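Trainee: Pick one part of this model and walk me through it closely, please. I'd like a single connected story that I can follow with the structure open.

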Amino acid sequence: MKYFIRNRSLQSIIIKIIFGLISFVLVFVFDFLLDSSFNETNSKTHLALSPNIQLNQRSSTNNQQSIKSSSYEYNSTHLWSMRLADENYFHLAHLLPCRIVEYPRGPIIDKIDSCDHSSANEFSIQNTLQAQKWLYEHQHPMDCTNKRFAIIHNFAVSGFGSTMHQIAWAFGKAIADNRIAVYQIPGNWLYGTCNSSTPDCVFLPITNCSIPSKVDRNQTIKINANIGYWSKPIHPFIFQKRTFNWYRAQLFFYLMRYKPETLAYAQNIIAQYFKPPSIDLHHPYIAVYVRRSDKVQNREMSQAYTLKQYFDLFDADVRRANISTVYINSEDEQVFDEFAQINKEKQDYYKLLKITVQRNVVFGSLIGMMREQRGKIILEFLSDLFIEANADLHVGTLTSNWCRLVDGIRLVLGKTIPFYTPENQFLMEK
């Protein structure tokens, strides 16, 4: 078969070929330069970040860190269900007075400078990324064969925050002995309403390794999660220079990475009760958690604080930072009547965010619930935790195990604006 091509058609084809070759060369050069730039950045951070999480350092006087991240991103190690502090958060922090907060633990005092947003700050995002990557890789080896294990079992029958503190202790004890922590299955975690009855019911799996079939007290040991007390915490070598407050918070953050189903529940709750239906569209906001009831009755708290006492702590600061949105939660329904009166006195300055959940829920009522009902309550708890941790500012009482969980998670996220508390003390543990 013969082909006849007109001169004009031939010229057109030649031009297309030349244009295609030029485009190919340009794409190749651009890809090479981009790849070189990425490798250079990666070698500096030594961190495997997801494509949508970029870490930048500014050449400002305080080397302020800036995170541009997309919430709810997977990468090879984490589910970022909670948004890291970003440039908007750091801008807001600069509007508030500087404070140095002291977290005492016996004779040792861990200090946090609320105005230090540099990469040298212990709670910098760089340090969090490094720590979470290390914990993940420790718990998710390429090959579980011949590894040393610690089976975490016998969970405490206590409040949600209390159990998580004790699980973190057991986890830390396993890591200190260079062991991979696994949960015994089935477990007896009161808040685990799936078949495993462990924290894996609502959080991402603690490890990819299976439970060893034999406990020989050498290769494999068991650690009770109901007597945890950090009498002599031992840090892995890589974290030797870190404070106890930082290390303990990193353990919480790793253990409490939300499963996709848990995260979806929290997002659906927010979409149902927040208008507009996304937490990202309500920044900046302050979260207030009011703990009363059994904490006061059992004298774990010295008194029940009025909502006005909480508001008096932060009212001047939020006005300085132009924050008028407030999220409030409490087991006590009376708190919302108190808010209505406070806001009336303040000429309706505040816009209220809240979710409709079952209230008056305390430990005594939880243990009497059917498994399915308790599971729903736990998801409501974790929806509240998601909102509180994502807030720009937070108020609560650190004699509450729950509030200390929130405080620790917020610090890991890089949110070092001090916790507002009417108790005038910053606690890591009771």
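Mentor: Let's begin with Cys403, which is buried at a relative accessible area of 0%. Buried here means under 20% relative accessible area, exposed is over 50%, and partly exposed is in between, with a 1.4 Å probe and protein chains only. Before we move on, a word on what you're looking at: residues are numbered from 1 along each chain as its sequence is written, and side-chain values use heavy atoms, with hydrogens and water left out. It's also a predicted model, where local features need pLDDT of at least 70 and side-chain atom pairs count only at pLDDT 80 or more, while totals for chains, interfaces and linings use all residues.

Now the cysteines that pair up. There are 3 disulfides, a disulfide being a pair of cysteine sulfur atoms within 2.5 Å. Number the bonded cysteines along the chain and the pattern reads 1-2, 3-6, 4-5.

Take Cys98 and Cys115 to start with: their sulfur atoms sit 1.9 Å apart. The torsion about their S-S bond is about -95°, so this disulfide is left-handed. Cys98 is in the loop between helix H2 (87-94) and strand S5 (100-105), and Cys115 is in the loop between strand S6 (108-113) and H3; the two are 17 residues apart, and the link joins distant parts of the chain. For the element names, helices (H or I, at least four residues) and strands (E, at least two) are DSSP runs, numbered from the N terminus. Cys98 itself is exposed, with 53% relative accessibility.

Next comes the pair Cys144 and Cys209, with 2.0 Å between the sulfur atoms. The torsion about the S-S bond is -85° here, and the link is left-handed. Cys144 belongs to the loop between H3 and strand S7 (149-155), while Cys209 belongs to the loop between strand S8 (180-183) and strand S9 (220-225), so this link ties together parts that are 65 residues apart in sequence. Check the cover on each end: Cys144 is partly exposed at 23% relative accessibility, whereas Cys209 is buried at 9%.

That leaves Cys194 and Cys201, whose sulfur atoms are 1.9 Å apart. A torsion of about -80° about the S-S bond makes this disulfide left-handed. Cys194 is partly exposed, with a relative accessible area of 27%, and Cys201 is buried, with 12%.

You'll have noticed H3 turning up beside two of those loops, so to speak on either side of the helix. H3 covers residues 125-139, and its end C-alpha atoms are 21 Å apart, in agreement with the 21 Å that its 15 residues should span at 1.5 Å a residue. That expected span is 1.5 Å times one less than the number of residues. Of those 15 residues, 12 are buried, so H3 is largely enclosed by the rest of the structure. Among the buried ones are Ile125, Leu129, Leu135 and Tyr136, but also Gln126, Asn127, Lys133 and His138.

Strand S10 (residues 285-290) is worth rotating too, with 6 of its 6 residues buried. Tyr285, Ala287 and Tyr289 are on one side, Ile286, Val288 and Val290 on the other, and both faces are covered. S10 pairs in the parallel sense with strand S11 (residues 325-330) over 6 bridges; two strands pair if DSSP finds at least two bridges between them. S10 also runs parallel to strand S13 (residues 393-395), with 3 bridges joining them. Ala287 is a handy marker: Tyr327 stands opposite it in S11, and His394 is its bridge partner in S13.

S13 brings us back towards where we began. Ser400 lies in the loop between S13 and helix H12 (401-412), and at 1% relative accessibility Ser400 is buried. A polar atom of the Ser400 side chain lies 3.2 Å from the backbone nitrogen of Trp402.

To set all this in its frame, the chain has 12 helices and 13 strands, and 51% of its 430 residues are buried.

Conventions: Polar contact = N/O pair within 3.5 Å; in protein donor to acceptor, adjacent residues only side chain to side chain.
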